[in-house]
Amino acid sequence: MADNERLIADIMGAQQQLQHLFAYDRSDPLFASQLTMSQLKILLLLFRLGDTSGRELAGLLGVSLATLSGMVDRLVAHDLATRAEDPNDRRVRRITLSPNGRELISRIITAGADKQLRLLKKLTDDELQTVRDAMVAMVRVATEDSTENASGEVERPSRGKDVVVDGGR
């Protein structure tokens with residue numbers, strides 16, 4: 001096995017171990033939320049895409065507009081999403097995360113951050129520099145990779161929180 005393949009395998013193995021160590025912390029807000037898998041998918045898509053039409057959301061989920069409507073009704077009833085008329089086309093309904101929905105998805109996404117912070121504080125300055133440099137490189141290539149999908153089309157930009165890493169000191 002080539003050196004870079006071995007390094008990649010080691011990194012992937014370490015990442016998997018970290019995921020297992022963080023699994024409990026990450027699953028806590030999921031289990032506390034009482035969301036169905038379909039509801040979670042809708043909320044995650046809305047977090048990523050922002051204001052989305054019902055038709056677009058139904059297409060992304062592979063369900064009918066009628067099926068989506070029932071799922072969105074439940075999210076609206078639990079104050080996790082809002083539904084409003086499109087100002088440019090009254091026939092279209094736009095679906096958006098409510099403040100409560102955005103806060104819930106943010107908690108799910110960032111679950112385990114306290115544990116990560118505790119662990120990072122145990123590293124030496126040199127180890128922290130190595131981790132920071134690696135994370136900056138990963139964010140850079142992930143950003144480059146996400147700008148084009150397999151067909152070369154530009155993806156719809158995320159309206160979620162952008163990750164900004166300050167590489168300078």
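**Note on a predicted protein chain**

1. **Overall order.** Read from the N terminus, the elements of the protein chain follow the order α-α-β-α-α-β-β-α-α-α. The chain therefore has 7 helices and 3 strands, where helices (H or I, at least four residues) and strands (E, at least two) are DSSP runs numbered from the N terminus. The model is a predicted one, in which local features need pLDDT of at least 70 and side-chain atom pairs count only at pLDDT 80 or more, while totals for chains, interfaces and linings use all residues. Residues are numbered from 1 along each chain as its sequence is written, and side-chain values use heavy atoms, with hydrogens and water left out.

2. **Burial.** Of the 169 residues in the protein chain, 22% are buried. The term buried means under 20% relative accessible area, exposed means over 50%, and partly exposed lies in between (1.4 Å probe, protein chains only).

3. **Salt bridges in general.** Side chains of opposite charge can pair when their charged atoms come close. How many salt bridges does the structure hold? The number is 10. A salt bridge is defined as a side-chain nitrogen of Lys or Arg within 4 Å of a carboxyl oxygen of Asp or Glu.

4. **Arg94 and Asp51.** The side chains of these two residues, Arg94 and Asp51, form a salt bridge with an N to O distance of 3.1 Å. The pair links distant parts of the chain, 43 residues apart: Arg94 belongs to strand β3, and Asp51 to the loop between α2 (37-49) and β1 (52-53). Arg94 has a relative accessible area of 18% and is therefore buried, whereas Asp51, at 27%, is partly exposed.

5. **Arg83 and Asp73.** A salt bridge also joins the side chains of Arg83 and Asp73, at 2.8 Å from N to O. Because Arg83 lies in strand β2 (residues 81-86) and Asp73 in helix α4, the pair ties together parts that are 10 residues apart in sequence. Arg83 counts as partly exposed at 35% relative accessibility, and Asp73 is partly exposed with a relative accessible area of 40%.

6. **Glu85 and Arg90, and a network.** In the salt bridge between Glu85 and Arg90, the closest N and O atoms are 3.8 Å apart. Is each partner buried, partly exposed or exposed? Glu85 counts as partly exposed at 41% relative accessibility, while Arg90 counts as exposed at 65%. Separately, Asp51, Asp86 and Arg94 are joined into one network by salt bridges that share partners.

7. **The second largest pocket.** Rolling a probe the size of a water molecule over the atoms shows where empty space is left. The second largest pocket holds about 200 Å³ of space. Its lining includes Ser53, Arg55, Leu68, Val72, Arg83 and Ile95. Helices α3 (54-61) and α4 (65-77) and strand β3 (89-97) are the elements that give two or more residues to this lining. A pocket is found on a 1 Å grid over the protein atoms alone, as an open set of points where a 1.4 Å probe fits, with protein on both sides within 12 Å along at least five of seven lines; lining residues have an atom within 4 Å of a point. Grid points are joined across faces, edges and corners, and the volume is the space filled by probe spheres set on the points.

8. **Lining by class.** The lining of the second largest pocket has 5 nonpolar, 3 polar and 4 charged residues. In this count, Ala, Val, Leu, Ile, Met, Phe, Trp, Tyr, Cys and Pro are nonpolar, Asp, Glu, Lys and Arg are charged, and the others, Gly among them, are polar.

9. **Positive phi values.** Two loop residues may be examined for their backbone angles. Gln34 has a phi near 65°, a positive value in a residue other than glycine. Gln34 is in the loop between α1 (3-33) and α2, and counts as exposed at 67% relative accessibility. Asp79, also a residue other than glycine, has a positive phi near 55°. Asp79 lies in the loop between α4 and β2 and is partly exposed, with a relative accessible area of 38%.

10. **Ile109 and Leu44.** Ile109 is in helix α5 (residues 99-110) and is partly exposed, with a relative accessible area of 40%. From C-alpha to C-alpha, Ile109 and Leu44 are 9.4 Å apart in space, although 65 residues apart in sequence.
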